[in-house]
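What follows is a walk through one structure, from strand pairing to aromatic contacts and then to pockets. Please keep the sequence and the 3D view open while reading.

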Amino acid sequence: MCHRFNQKVNLRVVADFVDATDRSSPAETTKDLFPLADLLVVRLDLDGDRELVTCNWGLLPFWFKPSAKHKTHKSFQRMTFNARGETIHEKPSYREAFKSKRCLIPWTEFFEHGWYFKIAGTEISTFAGLWQSWKNPEEDQVLETCTIVTCPANELVEKYHPKKRMPVILNDEESRRRWLGPDVVERPAIDDLISAFPAERMEHWEAKA
């Protein structure tokens, strides 16, 4: 699934693009981003306005506690940097975030097995995402995290992805508004958004060594 992408764009451009107030504090936004990196995320604040914030990539549900299987939160996060769109409304790790903490994750291009992909003629787009806040009991610190929602790949991306998956792409304001909608708590209202972006509207190129 999606484990590498870029946010190669100025923060002001991102905030203007999604009509959000910038409250982010990323260390770097132009390099390749991998799980456990800090990402720019767009979500709704308590007043229902959009804000641009920083979240760590790999979702931690609020109830997470270290265990024999996952001794650290980073171990758990390495399993949750992607969320299968087909089951996000029912899986314990994601279902609460799906109801009330959906977000947008800006991107400029994503990478799959030696190839880059982007929306043709578009500088920046957004993935569908989820976010969550987790309090570290040992350090009394709140960590905000996120995940990218995925779906079955279109006919272009499936040629390069062994599991035939791709991120859910929300490339217009109407779909972004619906995904963030605070009144939506059940899957049927936005089920149509959790689908592959049309292959004919994408372009791809081979990554240079």
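Strands β8 and β13 run antiparallel and are joined by 5 bridges. Strands here are DSSP runs of E with at least two residues, helices are runs of H or I with at least four residues, and both are numbered from the N terminus. Two strands count as paired if DSSP finds at least two bridges between them. The model is a predicted one, in which local features need pLDDT of at least 70 and side-chain atom pairs count only at pLDDT 80 or more, while totals for chains, interfaces and linings use all residues. Residues are numbered from 1 along each chain as its sequence is written, and side-chain values use heavy atoms, with hydrogens and water left out.

Strand β8 also pairs with β7 (residues 109–112): the two run antiparallel, with 3 bridges between them. One of the bridge partners is given by E112, which is matched with W115 in β8. β7 and β8 form a hairpin with 2 residues between them, and H113 in that turn has a positive phi of about 50°. How many of the residues of β8 are buried? Of its 5 residues, 4 are buried, so β8 is mostly covered by the definition used here, in which buried means under 20% relative accessible area, exposed means over 50%, and partly exposed lies in between (1.4 Å probe, protein chains only).

The aromatic contacts can be read against these strands. A pair of aromatic rings is described by the distance of the centres and the angle of the planes. Rings of Phe, Tyr and Trp (its six-membered ring) pair if their centres lie within 6.5 Å; planes under 30 degrees apart count as stacked, over 60 as edge-to-face, and the rest as tilted. By this rule the model has 15 aromatic pairs. F5 and F127 form one that is edge-to-face, at 5.4 Å centre to centre and 75° between the planes. This pair links distant parts of the chain, with F5 in strand β1 (residues 5–6) and F127 in strand β9 (residues 125–136), 122 residues apart. F5 is buried at a relative accessible area of 1%, and F127 is buried at 0%.

Y116 and W205 form a stacked aromatic pair, 5.7 Å centre to centre with 25° between the planes. This pair too links distant parts of the chain: Y116 belongs to strand β8 (residues 115–119) and W205 to strand β13 (residues 202–206), 89 residues apart. The two residues are also bridge partners, W205 in β13 being the partner of Y116. Is each ring buried or partly exposed? Y116 counts as buried at 14% relative accessibility, whereas W205 is partly exposed, with a relative accessible area of 32%.

F5 and F127 also belong to one aromatic cluster, formed by F5, W57, F81, W107, F110, W115, F117, F127 and Y160. W115, a member of that cluster, is the bridge partner of E112 noted above.

Charged groups are placed over some rings. A charge sits over a ring if NZ of Lys or CZ of Arg is within 6 Å of the ring centre and within 35 degrees of the ring normal. The charged end of R4 sits over the ring of F111, 3.8 Å from its centre. K101 lies over the face of W131, at 5.3 Å from the ring centre.

K101 and W131 lead to the largest pocket. Which residues lie nearest the centre of the largest pocket? They are L44, D45, S100, K101 and W131, out of 16 lining residues. Elements giving two or more residues to this lining are β3 (38–44), α3 (95–100) and α4 (173–180). The pocket holds about 240 Å³ of space. On a 1 Å grid over the protein atoms alone, a pocket is an open set of points with protein on both sides within 12 Å along at least five of seven lines, a cavity is a set of points where a 1.4 Å probe fits but cannot get out, and lining residues have an atom within 4 Å of a point. Grid points are joined across faces, edges and corners, and a volume is the space filled by probe spheres set on the points.

The second largest pocket has a volume of about 210 Å³. Its lining has 12 residues, with M79, N82, A83, R84 and Y94 nearest the centre. Y94 also appears in the lining of the largest cavity, together with P61, F62, W63, P92, S93, E96, A97 and Q132. That cavity has about 30 Å³ of space.
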